Amino acid sequence: MKIKFFTVLLGLFTSLNMNAQELKSFTLEDLNFGGKNYRNFVPQNRNCVWWGDQLVRVESDACYLVNKQNGKETLLFTVSQVNQWAGPTKDIKVRSLRGASFPYADKSLVVVNTGEHIYTIDFKSGSLKKCNEFVDGEYMLEMNAKSDAIAYLKDNNLYVSRGDQKWQLSTDGSREIVYGQSVHRDEFGIRKGTFFSNSGEKLAFYRMDQSMVTDYPLVNIPEVSFQPENGKSRIATLAPEKYPMAGETSHKVTVGVFDINTGKTVYLKAGDPTDRYFTNIAWSPDDKTVYMFELNRDQNDCRLISYDASTGEKTGELYRETDAKYVEPLHPIVFLPWDNSSFLMQSRKDGYNHLYLCSIGKSGSRMAGNTVSLDVKQITKGNWEVLDFLGFNAKRKGIIISSNEISPIQCNIFFVDLKTGKRTRMDEGGKGWHSASLSKSGQYIYDNYSEPNVPRNIAIVNVANGKCFSYFKAEDPWRGYKVPEYTCGTIKAADNTTDLYWRMVKPVDFDPNKKYPTVVYVYGGPHAHNVDARWHYSSRSWETYMAQKGYVLFILDNRGSENRGKEFEQVTFRQLGQEEMKDQLKGVEYLKSLPYVDADRIGVHGWSYGGFMTISLMTNYPDVFKVGVAGGPVIDWKWYEVMYGERYMDTPQQNPEGYAKTSLLNTAKNLKGKLQIIQGYNDPTCVPQHCLTFLKACIGAGTQPDFFLYPGEPHNMRGHQSVHLHERITQYFEDYLK
């Protein structure tokens, strides 16, 4: 077995000047994100936003202008000043400036949204320029800085306002007819439901009819109360969730376009929306055309279609991509700011997510009926993925991207010349994960990054010359505590060819001559990964807590996870869990080769897809895993939602063998070890039907899992309940694995 190995001896570095006896131990209140002390143990940050090409640090109590050459900060204004400027009374209107924005590059205006009010304040003159108030039942969706228009909801209906003008765009809004919100259950890159045009004078929006979708009967449990009920109902109430399961009837989506200047709304004439997905809405630079990717229900035929924004008429099909398994558009097209006839498109058609420059109406382009032939030029290429498009630098006719070109577990920043395709690296520090934002002109990059032994560094990069100024370096917040050793390496997948990355956390005070219980933490599904080159190799804090208690933690990104290309991901098609388990078993094989791992005490834990993987491993390999904790698990993919489930499994009608093969109802009889299943009772993602039906199958088979429920909680436990959750997970391993 070929193994590559990298080590970060953080525990050693931490304790250089201290005796081991002086080092403190963590509690879950310190490490867990719901803990009372959690914020004291997260690397310090600098919250910054761009004001044109000027950098502003926004904190709760004040905003500061940052000098990009030397990092010196100049106070712009305080939260108390904002409250004085916001109104004549002494009432506290704004409690924090963390969400402040500076959308006008050439004006000294700050916008602060409190939820009830949006204040637009001139901080140089100290005056209130505008205040938008939202009364009960009103919810802001989006504000456009160019037109000062605001899209908002009131009683489920969509409105647009500008100044004293207000337009009601719908009258039939309800929980069944949904306007201006995310559709298709947040798949295909959809995160919102309103899209202002470039000028802000027009608004495209989603309308989702889900009246035909079956309600899943979630239930609200009354709050615990030791006081008199005062007439409140003591009976649990229904909280139904529209939930289209795989192979069942799904919702229908249409796209409307509202024009502020005419006050009229038209709907795009896209045809019958039944069993179709509309996504990645974009505008032409002149606001005359709306573009969107349209996908069939099988998700193997994707087309980029254009529509006249004034009439709703279809004006052309610009691009089509098909795949034997699935196509998944995640990004809207983006027009070049210096060329209104050219746009960038992201696609995985060559096997990896890359950028393509598409030109309309130039040499070689032609209109044939309703089909537009494009000039398409691939800009980035290689066995790596573009992770993000950050923006343009018009002066240099280039773009700034992030990618994992250097390493599958790194994220680095590059400038790309659109004419030549040449890439120039733009980040400081070579081995980490860089999260960047770009100034308005694309001249400067705000680069916030960490490395396995670097908690957080922030640099300001000048794109013109590539020079990096180190703005901030966070101290290690874990200094003075018992910190384990974090390591990272690779093993071969079950195909004996593909490299898989793993992370290991060794017990505090590790003794190579001892044998330790080991917990495999797993997710394993698409659109996620666990191992990368961030601080501690992106280790979850709970792993440190367990290492402190004497466990080895092992995490492996199997085939099917993200950022490794289409073939790597699609190997799981129509058989979710099967190849993933084979890869995880290769990880177990590696663990068993280590002299300090107790092969008789191996556990597994995961949540969501990881919950599915946990029970899959416990019941398909019952002699390998002694203890498991599965949270919010999928049990049978026919009970999961249409968009996600059918992309990877097709429908139950098309793929009955695959659904039967992956269903954990069929393996409930195999359970030998101790298994605890944990479920949020109001989970709208992996609905409780999954785990409840698995329990029923176990009862029928005579196997004995344990079960714990969190009433009122969704897919993940919120707030301090997360501490309770991780105490429970920990105790289960303490009781049965240690």
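Rings of Phe, Tyr and Trp (its six-membered ring) count as a pair if their centres lie within 6.5 Å; planes under 30 degrees apart are stacked, over 60 edge-to-face, and the rest tilted. The model is predicted, so local features need pLDDT of at least 70 and side-chain atom pairs count only at pLDDT 80 or more, while totals for chains, interfaces and linings use all residues. Residues are numbered from 1 along each chain as its sequence is written, and side-chain values use heavy atoms, with hydrogens and water left out.

**Exercise 1. Aromatic pairs**

Task: state how many aromatic pairs the structure holds, and classify the pair of Trp338 and Phe392.

Solution. Step 1: the structure holds 40 aromatic pairs. Step 2: the ring centres of Trp338 and Phe392 are 5.7 Å apart and the planes are at 85 degrees, an edge-to-face pair. Step 3: locate both residues. Trp338 is in the loop between β26 and β27, whereas Phe392 is in strand β32 (residues 386–393), 54 residues apart, and the pair links distant parts of the chain. Helices (H or I, at least four residues) and strands (E, at least two) are DSSP runs, numbered from the N terminus. Step 4: assign burial, where buried means under 20% relative accessible area, exposed over 50%, and partly exposed in between (1.4 Å probe, protein chains only). Trp338 has 28% relative accessibility and is therefore partly exposed; Phe392 has 13% and is therefore buried. Step 5: Phe392 also pairs with Phe389, with centres 5.1 Å apart and planes at 70 degrees, so this pair is edge-to-face. Phe389 is buried, as is Phe392.

**Exercise 2. An open sheet**

Task: give the strand order of the open sheet of 4 strands, and find its edge strands.

Solution. Step 1: the order is β26-β27-β28-β31, with antiparallel pairing. Two strands pair if DSSP finds at least two bridges between them. Step 2: β26 (334–336) and β31 (375–378) each pair on one side only, which makes them the edge strands. Step 3: from one strand to the next, the twist averages 30 degrees; axes are lines fitted to C-alpha atoms, for helices over the stretch in contact, and angles run from 0 to 180 degrees between N-to-C directions. Step 4: β26 pairs with β27 (residues 339–347) in the antiparallel sense over 3 bridges, and Val334 stands opposite Leu344 in β27.

**Exercise 3. A hairpin**

Task: describe the connection between β20 and β21.

Solution. Step 1: β20 (residues 252–259) and β21 (residues 264–267) are antiparallel, paired over 4 bridges. Step 2: the bridge partner of Val257 is Val266 in β21. Step 3: the two strands form a hairpin with 4 residues between them, and Gly263 in the turn has a positive phi of about 70 degrees.

**Exercise 4. Nonpolar cores**

Task: identify the residues of the largest nonpolar core that touch the most other members.

Solution. Step 1: a nonpolar core is a set of buried Ala, Val, Leu, Ile, Met, Phe, Trp, Tyr and Cys residues joined through side-chain atoms within 4.5 Å. Step 2: the largest core has 59 residues, and those touching the most other members are Met504, Phe612, Ile615, Phe625, Trp637, Leu675 and Phe694. Step 3: helix α7 (residues 609–620) gives this core its largest share, 6 residues. Step 4: a second, separate core has 37 residues, including Leu28, Tyr537, Leu725 and Ile729. Step 5: with neighbours within four places in sequence left aside, the contacts (heavy atoms within 4.5 Å) of Phe625 include Val520, Leu585, Leu617 and Gly673.

**Exercise 5. Two covered helices**

Task: find how many residues are buried in α8 and in α4.

Solution. Step 1: in α8 (residues 642–649), 8 of its 8 residues are buried. Step 2: the cover over these residues includes β22 (276–283), α5 (566–570), α7 and α9 (656–662). Step 3: just after α8, Asp650 takes a positive phi of about 60 degrees. Step 4: α4 (residues 541–548) has 7 of its 8 residues buried, so this helix is largely enclosed by the rest of the structure. Step 5: among the buried residues of α4 are Trp542, Glu543 and Gln548. Step 6: Gly550 follows α4, with a positive phi near 100 degrees.
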